Amino acid sequence: MDNDYRPKIQRFGRWFTNKHKFRSHSSLSTHLSDGSGDEYEEEDLSISSEMDPCILTNELRIFVATWNVAGRSPVGSLAMDLDEWLNVKESADIYVLGFQEIVPLKAKNVIGGEDLTEATNWNLLIGQILNGCPWMLNPVTSEDYNYLNVSKRETRAGTSSQEEELNGCSRYRLMASKKMVGVFISVWMNTRLFKRYCISKVKVCAVACGVMGYLGNKGSVSVSMSIEGTSFCFIVAHLASGEKKGDEGRRNHQVSEIFKRTTFTQHLPDDYSPRPLTILGHDQIFWFGDLNYRLYLQDDIARELIKKQDWRALQEFDQLRQELGDGGVFQGWREGNIEFAPTYKYSTFNSNRYSGTLPSRAGEKQRTPAWCDRILWYGKGVKQHSYFRSESKFSDHRPVSALFSTQIEVVKSDDTSVVSLQPDVPTTVYSKHTERGNAEASSTLLSLITKELKASPTNKKKS
């Protein structure tokens, strides 16, 4: 090996080893800590930086949100609700929005071909809200959209993206989008990130586990991407409904299926550097959506606690909280404190009343209110700043949002092709030499992912 390459590869090797050393330590600490984890996160980051001066950590703000829109199409009057939901006054670097039931879950939508009309309409409205002006979308010809692929095609064709032609209106770009029946994810990124960081390895995956275990009325859509040296995975899920005894088992089974069947393919030689191939192979993971977990509680008692706004007492009976504990399908994952009312089920659109409040009302479903709409995360370097619901009456669900700050790792290099991170200065993650180091480390990465999957609570439960 050329001696000029060796120091760079050695630096990458130290970074890679420390990265997974502290990842394992962090996972273990999650089980032993009191649940807050904030003190350990700060210590973990400082140790990582001190032990390897070749690593920089930069902070990003990520807004994650979920909304079951009950099969309703976005309309112009929804813009005000969307503005409140997205909380654009406290702008984030990345917006990751998950939807469920963007189309009615009728047989023709479940077993027929994908119709992208509603996904496009939602993206157009989101783009308008985030950018503060009318926004144009490149034509979407398949159920998944990847900005990097579109950008490559435009570069080869010598054209510029439509949104950039709108007098610099585009503050946020649609980075990735994926639809499966009614489940939909839309990822937006501030344009300044493209100037400061290398964004790569954007992939999508859909897992259908509804009717007969393989139809798309229930399941997940996921986006995988890397920003500099940190990999992200965003999973939007719509799990099995029902509040009867045993229905939570169907939801747990679908979670296990999503873990098992979500894969992000790698095509050599185009994807020469290693990418995470599974959910748990990523550094920072966000799982959110209409997870449909209910309360182990009688309806009248639940409503009484809601009237008192005793959220702590109500959470003692929450099914998902139990799954976050020892032996649960989400063991080791985290969720912020819930300090808002259950988000489902409201009686009708434009109503503040839970369904079943008036038993005498004909045709109204009796449903015990529950926190069906949730946001979870896994991985080190993630801190949640807020967790709240919005009050739009557009659907029988209330939308839920969370704002996070995350740490991304940047490998410093003596190579002149890598510039220090300063505002508005283009940067690159790795030089061509450290990319060779990535390739040499790929077998180690795959080995670690395999071990992690074998040791994960999900696989233990299935075995």
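A70 is found in the loop between strand 1 and helix 3, and its backbone is a little unusual: phi is positive, about 55°, although the residue is not a glycine. Its relative accessible area of 23% makes A70 partly exposed. This is a predicted model, so read such details as features of a prediction.

Q309 tells a similar story. It sits in the loop between helix 9 and helix 10 (311-315), with a positive phi near 55°, again in a residue other than glycine. Q309 is exposed, with a relative accessible area of 56%. N87, which follows helix 3, has a positive phi too, near 50°. For a twist of another kind, look at the peptide bond from Y344 to K345, which is cis with omega near 5°. K345 belongs to the loop between helix 11 (319-323) and strand 10. As background, most residues other than glycine have a negative phi, and most peptide bonds are trans.

**Overall build**

The protein has 13 helices and twelve strands. Of its 463 residues, 57% are buried. Take the contacts between residues at least 6 apart in sequence, and 73% of them join residues at least 24 apart.

**Helix 3 and the cores**

Back to helix 3 (residues 79-86), where A79, L82, W85 and L86 are buried. They cover an arc of only 120° around the axis, so they end up on the same side of helix 3. What do the buried residues of helix 3 pack against? The list runs to strand 1 (55-68), strand 2 (94-100), helix 5, strand 11 (382-389) and strand 12 (400-411).

L86 deserves a second look. The largest nonpolar core has 81 residues, and L86, F99 and I227 are the members that touch the most others. Leaving aside neighbours within four places in sequence, L86 is in contact with F63, Y95, L97, I126, I129 and L130. There is also a second, separate core of 24 residues, with I279, Y293, L324 and V329 among them. In soluble globular proteins, nonpolar side chains tend to be buried together.

**A five-stranded sheet**

Five strands form an open sheet in the order 6-7-8-9-10, with mixed pairing. Strand 6 (199-208) and strand 10 (373-378) are at the edges with a single partner strand each, which means that one side of each has no neighbour in the sheet. Direction ignored, neighbouring strands here are turned by 10° against each other on average.

Inside the sheet, strand 8 (residues 230-238) and strand 9 (residues 284-290) run parallel and pair over seven bridges. One of the matches puts C233 opposite I285, its bridge partner in strand 9. Helix 8 (residues 247-261) lies across strand 6, strand 7 (219-227), strand 8 and strand 9, and runs at about 135° to strand 6.

**Salt bridges**

How many salt bridges does a search of the whole structure find? It turns up 15 salt bridges, including these three:

| Pair | Closest N to O distance |
|---|---|
| E114 and K179 | 2.3 Å |
| D247 and K244 | 3.7 Å |
| D299 and R303 | 2.7 Å |

The E114 and K179 pair links distant parts of the chain, 65 residues apart: E114 is in the loop between helix 4 (107-111) and helix 5 (117-131), and K179 is in strand 4 (residues 172-180). Is K179 buried or exposed? K179 is buried, since its relative accessible area is 3%, a value under the 20% cut-off. E114, at 32%, is partly exposed.

The D247 and K244 pair also has partners in unlike settings. D247 counts as buried at 7% relative accessibility, whereas K244 counts as exposed at 59%.

D299 and R303 both lie in helix 9 (residues 299-308), four residues apart, or about one turn of the helix. That spacing fits a general rule: an α-helix has 3.6 residues a turn, so residues three or four places apart point the same way. R303 is buried, with a relative accessible area of 18%. Elsewhere, salt bridges that share partners join D318, R321, E335 and R374 into one network.

Technical notes: Residues are numbered from 1 along each chain as its sequence is written. This is a predicted model: local features need pLDDT of at least 70, side-chain atom pairs count only at pLDDT 80 or more; totals for chains, interfaces and linings use all residues. Side-chain values use heavy atoms; hydrogens and water are left out. A nonpolar core is a set of buried Ala, Val, Leu, Ile, Met, Phe, Trp, Tyr and Cys residues joined through side-chain atoms within 4.5 Å. Buried means under 20% relative accessible area, exposed over 50%, partly exposed in between (1.4 Å probe, protein chains only). Contact means heavy atoms within 4.5 Å. Two strands pair if DSSP finds at least two bridges between them. Helices (H or I, at least four residues) and strands (E, at least two) are DSSP runs, numbered from the N terminus. Axes are lines fitted to C-alpha atoms, for helices over the stretch in contact, and angles run from 0 to 180 degrees between N-to-C directions. A salt bridge is a side-chain nitrogen of Lys or Arg within 4 Å of a carboxyl oxygen of Asp or Glu. The arc is that of the directions from the helix axis to the C-beta atoms.
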